[in-house]
Amino acid sequence: MTAPLFALGGDLNVNRLGFGAMQLTGPGIWGEPRDRDEALRVLRRAVELGVNLIDTADSYGPVVSEQLIHEALHPYPEGLVIATKAGLVRTGPGEWHPVGRPEYLRQQAELSLRRLGVERIDLFQLHRPDPQVPLADSVGALVELQREGKVRHLGLSNVTVEQIRQAREHATIVSVQNLYNLANREHEEVLDYCAAEGIAFIPWFPIATGELARPGGPLDVLARETNATPAQLAIAWLLHRSPVTLPIPGTSSVAHLEENLAAASVRLTEEQFSRL
Ligand SMILES: NC(=O)c1ccc[n+]([C@@H]2O[C@H](COP(=O)([O-])OP(=O)(O)OC[C@H]3O[C@@H](n4cnc5c(N)ncnc54)[C@H](OP(=O)(O)O)[C@@H]3O)[C@@H](O)[C@H]2O)c1
């Protein structure tokens, strides 16, 4: 893979094209995968192809995604960065509820440490602010874990610029993970803020290409022009968009993984980028 590098938190050099391990679980991000062996193969192949940033969360499965990562890759190769999150409780397929109480976040961090089999979590992200808990309290719990050496860097997810500013009054925030792709640019302002501040921006749902990939649509035309697939164009566009974007396309299939990672060598001209 030929993706450029990004120094996450200033000291973790990652390839800018990572892997999101959410889709490895069962339907509704619930339970075991339909094809467990393929899920393990996807993780191993990702690392073989040069991925050294894997994104997961305690709530994917729940616990299943972290367990699969451990099973497929432990003992971890040097330089592999595993980013996890806490702050969402699961009650069933497709059901997610924010819980940002400090003691809960601490407990989830402790459990992720054990499941992943690491002494320190490279990047620990607050999955979503809990409207019932002051953000400063949730972030404070993360800072305490960092002081104890259980967490290396801190990140946020699903936040506004105002919330990032608030969190930064209490902590050094190295990454922000929000919904962002060619078809949904609602968080443009957050991306611009991160770019200006040198914070990594991890766009989730990076290949939501449906609308744009339709026959005759902009992705379809450009795909023929560049010999790339619509999914590759969507990823290449994110890499081109800003030097701080770290796309983490997710898949449960080795074939899609290989296709997605090949996007690192798709180069868009300025004209092609602005057309999209
Ligand atoms: N922070 C948050 O709140 C949050 C929310 C959602 C996701 N995330 C993170 O972001 C990562 C990426 O998001 P995502 O996985 O939901 O979305 P995505 O990467 O945009 O898309 C994944 C979907 O696209 C399919 N797909 C993948 N590659 C494809 C290809 N080359 N051709 C056709 N279809 C393809 C996958 O199905 P197959 O399995 O069949 O390939 C899957 O259904 C997640 O894994 C997770 O780590 C974070």
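**Briefing: a ligand shell, a buried strand and some unusual backbone spots**

The ligand in this predicted model is surrounded by 23 residues, the closest being Gly20, Met22, Trp204, Gly250 and Thr251, where a residue is near a molecule if its C-beta atom, placed from the backbone, lies within 6 Å of it. Because the model is predicted, local features need pLDDT of at least 70 and side-chain atom pairs count only at pLDDT 80 or more, while totals for chains, interfaces and linings use all residues. Residues are numbered from 1 along each chain as its sequence is written.

**Around the ligand**

- The shell holds 10 nonpolar, 11 polar and 2 charged residues, with Ala, Val, Leu, Ile, Met, Phe, Trp, Tyr, Cys and Pro counted as nonpolar, Asp, Glu, Lys and Arg as charged, and the others, Gly among them, as polar.
- Helix H9 (residues 254–261) contributes the most to this shell, with 3 residues; helices (H or I, at least four residues) and strands (E, at least two) are DSSP runs, numbered from the N terminus.

**Strand S11 and its surroundings**

- In strand S11 (residues 200–204), 5 of its 5 residues are buried, and a residue is called buried if 20 or more other C-beta atoms lie within 10 Å of its own, exposed if 12 or fewer, and partly exposed in between, with C-beta atoms placed from the backbone.
- On one side of S11 the buried residues are Ala200, Ile202 and Trp204, and on the other they are Phe201 and Pro203.
- Strand S10 (residues 173–179) pairs with S11 in the parallel sense over 5 bridges, pairing being assigned if DSSP finds at least two bridges between two strands.
- Within this pair, valine 176 has phenylalanine 201 of S11 as its bridge partner.

**The nonpolar core**

- The largest nonpolar core (a set of buried Ala, Val, Leu, Ile, Met, Phe, Trp, Tyr and Cys residues joined through C-beta atoms within 7 Å) has 75 residues, and those with the most contacts inside it are Leu142, Ala200 and Ile235.
- Helix H8 (residues 230–241) gives the most to this core, with 8 residues.

**Unusual backbone geometry**

- Most residues other than glycine have a negative phi, and most peptide bonds are trans.
- A cis peptide bond joins glycine 61 and proline 62, with omega about -20 degrees, and the bond from histidine 74 to proline 75 is also cis, with omega near 0 degrees.
- Phenylalanine 205, in the loop between S11 and helix H7 (218–226), has a positive phi of about 65 degrees, and it counts as partly exposed because it has 16 C-beta neighbours inside 10 Å.
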